[in-house]
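Biologist: I am new to this structure and would like a close look at a single part of it, namely its charged side chains and how they pair. Please take me through them step by step.

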Amino acid sequence: GGGARYPYPKEVWSPAGGWWTRPTNWKTNTAIAFAGILAVAYGVFTVSADKEKRLVQPIRPIPSMKWAREYREQKETA
């Protein structure tokens with residue numbers, strides 16, 4: 001669909017692959033990109049959980065108490 005393919009300049013470079021690209025290894029590329037995103041997200045989560053510090057303690061349990069270092073250390077010493 002979309003009409004016939006038109007002539008395009010061969011010297012133009014595109015980071016997305018150019019005109020009418022259909023890479024044969026798109027599944028592998030997608031899996032590698034997804035794994036990279038997960039690795040970076042895990043790193044950010046880990047650093048954030050280690051640095052989390054609450055000045056005012058919550059009245060009732062909150063989800064971040066399960067992974068924040070401040071509360072894990074309290075549970076281990078108690």
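Modeller: A search of the whole structure finds 2 salt bridges, a salt bridge being a side-chain nitrogen of Lys or Arg within 4 Å of a carboxyl oxygen of Asp or Glu. Before going through them, please note that this is a predicted model, in which local features need pLDDT of at least 70 and side-chain atom pairs count only at pLDDT 80 or more, while totals for chains, interfaces and linings use all residues. Residues are numbered from 1 along each chain as its sequence is written, and side-chain values use heavy atoms, with hydrogens and water left out.

One salt bridge joins the side chains of Arg72 and Asp50, at 3.4 Å from N to O. Because Arg72 lies in helix H2 (residues 69–77) and Asp50 in helix H1 (residues 26–51), the pair ties together parts that are 22 residues apart in sequence; helices here are DSSP runs of H or I with at least four residues, numbered from the N terminus. Arg72 counts as partly exposed at 35% relative accessibility, and Asp50 likewise counts as partly exposed, at 32%, where buried means under 20% relative accessible area, exposed over 50%, and partly exposed in between, with a 1.4 Å probe and protein chains only.

The salt bridge between Glu52 and Arg54 has its closest N and O atoms 3.3 Å apart. Of these two residues, Glu52 is buried, with a relative accessible area of 19%, whereas Arg54 is partly exposed at 31%.

In general, side chains of opposite charge can pair when their charged atoms come close. Glu70, which is placed in helix H2, is buried yet has no salt bridge, and the nearest side chain of opposite charge, Lys53, is 5.2 Å away; for this purpose Lys and Arg count as positive and Asp and Glu as negative, while His and the chain ends are not counted.

What does the side chain of Glu70 reach at 3.1 Å? The partner is the backbone nitrogen of Arg54, and a polar contact of 3.3 Å also joins the side chains of Glu70 and Gln57. A polar contact is a pair of N or O atoms within 3.5 Å; within protein, one must be able to donate a hydrogen and the other to accept it, and residues adjacent in sequence count only if both atoms are side-chain atoms. Leaving aside neighbours within four places in sequence, Glu70 is in contact (heavy atoms within 4.5 Å) with Glu52, Lys53, Arg54 and Gln57.

Note on methods
Helices (H or I, at least four residues) and strands (E, at least two) are DSSP runs, numbered from the N terminus.
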